[in-house]
Amino acid sequence: MNHTRRQMLAFTAGAAGMAAFGFSALPALADADATQKAIDEFAAGATPAEGRISLTAPEIAENGNTVPISVEVESAMSGDDLCESVMILADGNPNPDVCTFRFSELSGAATATTRMRLAKTQNVIALARMKDGTVYMDRKEVKVTIGGCGG
Amino acid sequence: MASKPRIKLPKKASAGEVITIKTLISHEMESGQRKDKDGNAIPRQIINKFTCAFEGATVFECDLDPAISANPFFEFTAKVNESGTFKFTWVDDDGSVYEAEQAIEVA
């Protein structure tokens, strides 16, 4: 294989370009449909309302590999006023599901913190389902400097 | 794959107190999206379920998807009414189960 200097330069530039675009060039990103489907499945017929749930996420995440997120749901955590579960979704990841927390009366409060991956700048969505079937939603846009999937 | 889990919870609490529990376990959480040097997809291997139980009663559970970072970390709360032991369980895609226990004394 004898490459001329020009060919090598073109090749290197191409490779750098691929590396820069890498993720966005992949077709396998979750689309709005997949996210909406996940929301509908979780809501089970209810319409997600605003309020009661608050999602905390950084405005800008330098490293998409570990993005800290927390959710907090206003709930007495006893009797009928119980938050049963919270689902986290990311609409720009290859697969929108992130995790589902399930609480009980023994939880004392419906709060949880974890660390997640974000492939690119996108919305993180948190949904809470209460025992009476009502569903609440909050969303935050997180700007991602370096994507945290693929390799 | 996974090493000894780390758990942080208070040793003592008063009855009815809501305590904060933090857990972290070392695990690569291979998402199934990455490719190796030859362009072959690396198969997914993650912890897919985490459970915290107090004396047999479930306190907190989480279903994990590949979008959870490597070395999954959780912080959550628990209401303690009596002395007892918290049991933590992580279930791997390959069927392995990692367990840890920690006692709490209620004054």
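Start by selecting strand 5 of chain A, residues 97-103, together with strand 5 of chain B: 5 bridges join these two strands, and they run antiparallel. Keep in mind as you click around that this is a predicted model.

**Stop 1: one rung of the ladder**

Zoom in on Thr100(A). Which residue in strand 5 of chain B is its bridge partner? That's Asp63(B). Now show side chains and stay with Asp63(B), which meets Arg102(A) in a salt bridge, 2.8 Å from N to O. The count between chain B and chain A is 2 salt bridges, and this pair is one of those joining the two chains.

**Stop 2: the side of chain B that touches chain A**

Color three pieces of chain B: strand 3 (17-24), strand 5 (57-64) and strand 6 (73-80). Each of them supplies at least two residues of the side that touches chain A. Which strand gives the most? Strand 5 of chain B does, with 8 residues. If you color that touching side by residue type, you should get 16 nonpolar, 5 polar and 8 charged residues.

Next, select everything in contact across the boundary. On the chain B side you'll have 29 residues, and they meet 26 residues of chain A. The two chains bury about 2,400 Å² between them, with carbon and sulfur atoms giving 49% of that area. Want to hunt for polar contacts too? Across this interface there are 21 residue pairs in polar contact, with both residues at pLDDT 80 or more.

**Stop 3: follow the sheet from end to end**

Hide the side chains, switch to cartoon view and trace the strands in this order: 2(A)-8(A)-7(A)-4(A)-5(A)-5(B)-4(B)-7(B)-8(B)-2(B). These 10 strands form an open sheet with mixed pairing. Why is one side of each edge strand left without a neighbour in the sheet? The strands at the edges are strand 2 (60-63) of chain A and strand 2 (12-13) of chain B; each has a single partner strand, so its other side is free of sheet neighbours.

While you're in the chain A part, pick strand 7 (residues 122-130) and strand 8 (residues 135-146). They run antiparallel and are joined by 8 bridges. For an example, click Ala128(A): its bridge partner in strand 8 of chain A is Tyr136(A).

**Stop 4: chain B by itself**

Hide chain A for a moment. How many helices and strands does chain B have? You'll find 0 helices and 8 strands, so to speak β-β-β-β-β-β-β-β when read from the N terminus. Measured out along the principal axes, its C-alpha atoms fill a box of roughly 60 × 20 × 20 Å.

Now select residues 7-102 of chain B. An unreviewed UniProt entry annotates this stretch as "domain: Sulphur oxidation protein SoxZ". The stretch is 0% helix and 53% strand, and its end C-alpha atoms are 8 Å apart.

**Stop 5: a helix in chain A**

Bring chain A back and select helix 2, residues 32-43. Glu41(A) and Lys37(A) both lie in this helix, 4 residues apart, which is about one turn. Their side chains meet in a salt bridge, 3.9 Å from N to O. Over all chains, the structure holds 11 salt bridges.

Technical notes
Residues numbered from 1 in each chain as written. Chains lettered and ligands numbered in written order. Predicted model: local features only at pLDDT ≥ 70, side-chain atom pairs only at ≥ 80, totals over all residues. Heavy atoms only, no water. Contact = heavy atoms within 4.5 Å. Buried area = accessible area lost by both parts, 1.4 Å probe. Salt bridge = Lys/Arg side-chain N within 4 Å of Asp/Glu carboxyl O. Polar contact = N/O pair within 3.5 Å; in protein donor to acceptor, adjacent residues only side chain to side chain. Nonpolar A, V, L, I, M, F, W, Y, C, P; charged D, E, K, R; others polar. Pairing = 2+ DSSP bridges. UniProt positions renumbered as here; feature names shortened; annotations may be inferred.
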